[in-house]
Each structure stands twice: as C-alpha cells, then as structure tokens.
Amino acid sequence: MGAMASTPFGNATELPLNLWLSKIFPNFACNCLCRSALIHEKHVLFLSARRGKHGCPASDHRYPPAAFLLRRLIYEVSIEIEKEGITMRTTSILSLITCLWTVCSALTCNHLNAQQVAPAPRPNVLLIVADDMNWDTPGCFGGTANDLTPNIDQLASDGMRFWHAYVNISICTPSRSVMLTGLYSQNNGAEGFQRIRPGTPTLPAILNEAGYLCGTIGKPLRQQELFRWSVTYRWQGTGDEDRWGRDPAVYRQFAKNFFEMAKTSKQPFFLMANSHDPHRPFGGGQATRLHDERAKASRTFGAEEVRLPGFLPDLPAIRKELAEYCTSVRRLDDMVGSVLDELAAAQLVENTIVIFLADHGMPFPAAKFNCYVDSVRSPMIVRWPGIIEKGSIDRAHMVSAVDLQPTILEAVELPSAQTSDGRSFLPLLRGESQSNRDCVFAQFYHIHGSDALPMRSVLTKQSAYVFNPWTNGERRFKRLNEATFQAMQQAAKTDAAMAARVRHLVFRTVEEFFDLRTDPSCLVNLLGSDKTPTVAQKKEIEDLRAKLRTWMVQVKDPAIDAFDNRNQSDALERFVQAYRTRAAKEVEALKPYEKRKGYRF
C-alpha cells in the first residue's frame, strides 16, 4: 500500500511507507543521498536532500520553506523516537507527518519566497535537444522542405547560428552524456547505452550545487545520483517516454509549471527539454501505435515537397520516407514553440540563455551510427538577449558538444569542472574570435556491447578523415535496415554506381578521406582502392592522421594501438575482438544496476 499525504504539490501518491521512511528519516537511511519521489499528476518530482553537519538535512534553497522545515522536524522527531525506543503504527506515523506539515505550513505561510541560502543572480539556461535530426534540416540551415521549422527559424533570427557545430558521437545516450559531462565517451564511461561513470561531475549537479533549479523532460538520462535533477517528468507506471515524448502539449504544461516553480522559489533554472522527434518511427508514417503517435504534427509533408540531402539518392521510396521524417521534424518544431511560448509567458526571456541543437544526424544511411560529417554535424543555435547579436551567423569556428558544459558554466560565472575535455566558446557568443577552432573529433563505439563497430574521425571545414578498425572485408555494417536502404539495394541491381555505394556502406575500408570542398556529402572515398589522391591531398591526409593520433593520445583513446597498426589486419582484428569482449562485459555488469533502477539503458 502506498501512503497518501497532502504535500506542497497537492494530493500525491507516495512510495510504499517502508521505502518512504527509509528515504525521509535520516536515522533509517545510510549516510548518503536520501530521496523522496513524489508522483504528482504525470510528474515525478525528485526532492534531493543533501546531508549537512551531524547527518541532518542541509538547508537547501531548492525547497519551499514549509517543505524544508517539515524535513527538519521529521529528522528531529525521528531522533527522539529512536532514543526512546518507541514503536509507532503506520497510522500514527502518517498522523504525525500530517500534523507536522500543518504546523510547518502555518509557520511559513507568510514567507513563501524565503530562501535558506540566497542564490547569486545568474542567467537561466534552457537546453533544447532534438533526437536524430540532420544539421541542414531546419529552414534556417537550408531546410529539407519549405515552412518546416518556423519556431526554430525564429529562434535563429533572435540569436546566433553556428554553421560548423558538431556533436562527438552519433547515438543518443552517449551524445547527451558528452554534453552534460564535458568529457568524451571513453572518459565519462558512456561509450554505448551505458551509465556515466559514478563520481563524474555533471552539468545539472554542478548547477544544482550553485542554487539552480534543474529540470529535465523527454529522452531520459536517469542517473539521479549523478545528475541530481530537482524536477523530472516521467509517465506513471511503465516509464515509457514514447507515450508522451512526441506530444508538444505535455512539454508545454511541464515547462509552464517548471517556470512558475523557478519564479516562486526565486531561483535561476536549468531546463533540458529532450524531444523524441524526429526519431523513428516517423510521424504520419510508421507511427501507427497510439503511444508513438499521440499527437499529430501541425503540418504533414508529402514526397513532392522534400529536398534530399546530398548523401541520399533521389528514389520514390526515399522521398516518401523523408516526407515522414519531415512531419516528425514539424512536431519537434511544435514542441520548441510550446516551450519558448511558456518562457515568454513567464517573462523570463531576457535573462535566459536558450541553446538548441540535435544529438546527431538523421536516421538514414551514412548519417546516424557513423562518423561522417552528416553523422555529427548539428544545427546549433544560441539566443542570449543583450549579449548575442540577433540574426548572427558564425561560419568561421568549429565547436562541438564536448564544449557545451564549460561554455555554460563560464556563461553563468561558475568555475569549470575539475576535469573537462571541452573548451568554452563563450568569446564566440560575444562576437569575438577564438584560435584553434579548425577541427573536431568524432567517435563511435557500440550500442549494446557485443555489436561494437568502433570508428573515429577528424573533421575540418575542408576535409574529413575516418578510421574504421572494425572492417575486415567480411564483417558487415548491419544498421542499414530502413526503407531507404532497401530502396538503394533494389536500385543497385541495375545501377553500377549505386551498387558500389551500397557495397561501401556495408563493408567500408580501414581509412577514408573526403575532400569536402568538392564532395561535401562524403560520397567519394579518395583512399578507396580505385582512387589516387593528389599530392596536396596526400599531405592533407597525413596532417589529419597526425591530428587524430595526437587527440587519441590526449584523451586516452583505447583504439590508439589499433590506429598505429592500421596496416596490419591481424592487429585490427585483435583490437576489435578484445574491445567487443570488454564492452559486452561492461554492459552485462550494468544489469544489477538496471534492475534496481527499473530501467534499461
């Protein structure tokens, strides 16, 4: 039986009483983080209590005064109960808690805005992340269709577009883990669908400690012990985010409540809003299940309306699938508009840094799951009223997701994390220039361990070099099952050029080099068996190899020995097999953690 209680958030169904007591009463809990999960409507509000001196709950400006006083009184009362050896029935405990809450509310009713520790005035931060969207999909970056992203385009008009922004890995959980840790995957622990290594500093935890109200909604990064979210949105029961992660109305309501909470508590906030669009299944197409298509996009697109990216051939089946993708993109844009509308309604625009980007490229061949330009290039937009010039575009510098954490921390005038692989690009937001912004690095490890296909790349504005230690002429790249690739395979039966393209996507070569000045879509591998690079290109290849190796040493990349022995097939195979074994063991070792948390990465 769960206990019912009246809380600052209304009538709430709480955890079973024994679990509730073990988390709320300090003397019944270990000397570590204690947590009460209050499920209110469709929200789960995590109220995280830090331990203060002598083990009692530390004063914390994140809580309404009555809530903090209640926690303190419960602590004191539980001490006395334990001292006296009193045994209380469940009904008595609930009556005591109800009484204490009434007293606390009365004592603090005239001080709802009081703070235990007044946070310093700092900018708010709103981070909006799209799921599986190509960099050139929004209209403000070229557009896959007309009138596709009006809200994102307006955000770009009010802020700065980064024409050369990238993420560092083209799969969701690892990519977002890089964003929030400022560490590459091998340094934060999330190389695939894994948790971030315990003890790693995260952006929301750092901001939380500085007095920020930190919230998240959408694609989950569960590890509450690391992120310390103040407020999260979770569907009751199954926790299946696809039930609401494509519904702009849910994001609107949550954003409205969250902004009101921040204003009431007089705290700066950090909100990470993660859409599930345009991840497959696409809107208006395969998403026929109720939970995947709970809300329709404000506009549906047809095959005749789309513009294909350069790395996809123009085939009817591909146009149809791309139109479905565009419909999902429009629903993402609806979500962006909903959240930004609520920010404006709360009169918080002027003091809020808004950052928009995608976690990686679109779920089509040669984009997601790879290390090509379209795999990791991202449509980053930053709006900061009074600091960033409206409608500005940075075409000169290359930035990446590993730089987000240090940039945000510097922007809100907080010290950088003790360890970081990234570098703040705050000067660029101020319209200044910054040196050593001429290349970025991308990685791919695995999804579930034993399926590892490790890849690395170094990208400049002029060229791209890719290292594929997994390829041996026989091993196949298997994540090519969508309708688009099936159409390419069908066309390859009568088209030699298409057949060559399909074969390359399936088998690859150990090294790839693309001249982006003439081949921006990475279609012609100049290190293929039938290609001969020019003298200038050969020098560029050597320069990129040197850049990649220097970076691999710097970040302790586990593939460094394989890279040094890239011309020896047996050395590459030993690396791939050893890495697959290690990754599979790490994924297996996560299962007890996942079982405890009721969540599978």
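How many salt bridges does the count come to? The count comes to 30 salt bridges. The model is predicted. Several of these pairs are described below, followed by the packing around helix α10 and the surroundings of A367.

## Salt bridges

Three pairs are set out in the table.

| Pair | Closest N and O atoms | Accessibility, one partner | Accessibility, other partner |
|---|---|---|---|
| R331 and D277 | 2.7 Å | R331, 2% | D277, 1% |
| K539 and D543 | 3.2 Å | K539, 56% | D543, 37% |
| E588 and K591 | 3.0 Å | E588, 46% | K591, 43% |

Take R331 and D277. Their closest N and O atoms are 2.7 Å apart. The pair links distant parts of the chain, with the two positions 54 residues apart. R331 belongs to helix α10, and D277 sits in the loop between β9 (269-274) and α10. Are these partners buried or exposed? R331 is buried, because its relative accessibility is 2%. D277 is buried too, with a relative accessible area of 1%. The cut-off for buried is under 20%.

K539 and D543 form a salt bridge within helix α16 (residues 535-554). The two are four residues apart, so about one helical turn separates them. K539 is exposed, at 56% relative accessible area. D543 is partly exposed, at 37%.

E588 pairs with K591, with 3.0 Å between the closest N and O atoms. E588 is partly exposed at 46% relative accessibility. K591 is also partly exposed, with a relative accessible area of 43%. Elsewhere, salt bridges with shared partners join D147, R299, E305, R330 and D334 into one network.

## Packing around α10

Two packed helices are described by the angle between their axes and the distance between the axes. Helix α10 spans residues 316-345. Two helix contacts of α10 follow.

The first partner is α9 (residues 248-265). Its axis and that of α10 come within 8 Å and cross at roughly 20°. An angle under 35 degrees counts as roughly parallel, and α9 and α10 are therefore roughly parallel to each other. α9 passes α10 in a right-handed crossing. On the α9 side, the contact is made by P248, Y251, R252, A255, K256 and F259. On the α10 side, R331, D334, M335, S338, V339, D341, E342 and L343 take part. By class, the residues of this contact are seven nonpolar, one polar and six charged. R331, which contributes here, is also the salt-bridge partner of D277.

The second partner is α4 (residues 150-158). The axes of α4 and α10 come within 7 Å and cross at roughly 55°. That angle makes α4 oblique to α10. From α4, the contact uses P150, N151, I152 and L155. From α10, it uses R330, L332, D333, D334, V336, G337 and L340. This contact has six nonpolar, two polar and three charged residues. R330 and D334 of this contact also belong to the salt-bridge network.

## Surroundings of A367

Where is A367 found? A367 lies in the loop between β10 (352-358) and α11 (373-376). A367 counts as buried because its relative accessibility is 0%. Leaving out residues up to four places away in sequence, A367 touches N134, S170, F311, G361, M362, D374 and S375. A367 and M133 are 234 residues apart in sequence. In space, their C-alpha atoms are 9.7 Å apart.

Terms used: Residues numbered from 1 in each chain as written. Predicted model: local features only at pLDDT ≥ 70, side-chain atom pairs only at ≥ 80, totals over all residues. Heavy atoms only, no water. Buried < 20%, exposed > 50% of the residue type's maximum accessible area, 1.4 Å probe, protein only. Contact = heavy atoms within 4.5 Å. Axes fitted to C-alpha atoms, helices over the stretch in contact; angles between N-to-C directions. Parallel < 35°, antiparallel > 145°, perpendicular 65-115°, else oblique. Left-handed = near helix turned anticlockwise from the far one by under 90°. Nonpolar A, V, L, I, M, F, W, Y, C, P; charged D, E, K, R; others polar. Salt bridge = Lys/Arg side-chain N within 4 Å of Asp/Glu carboxyl O.
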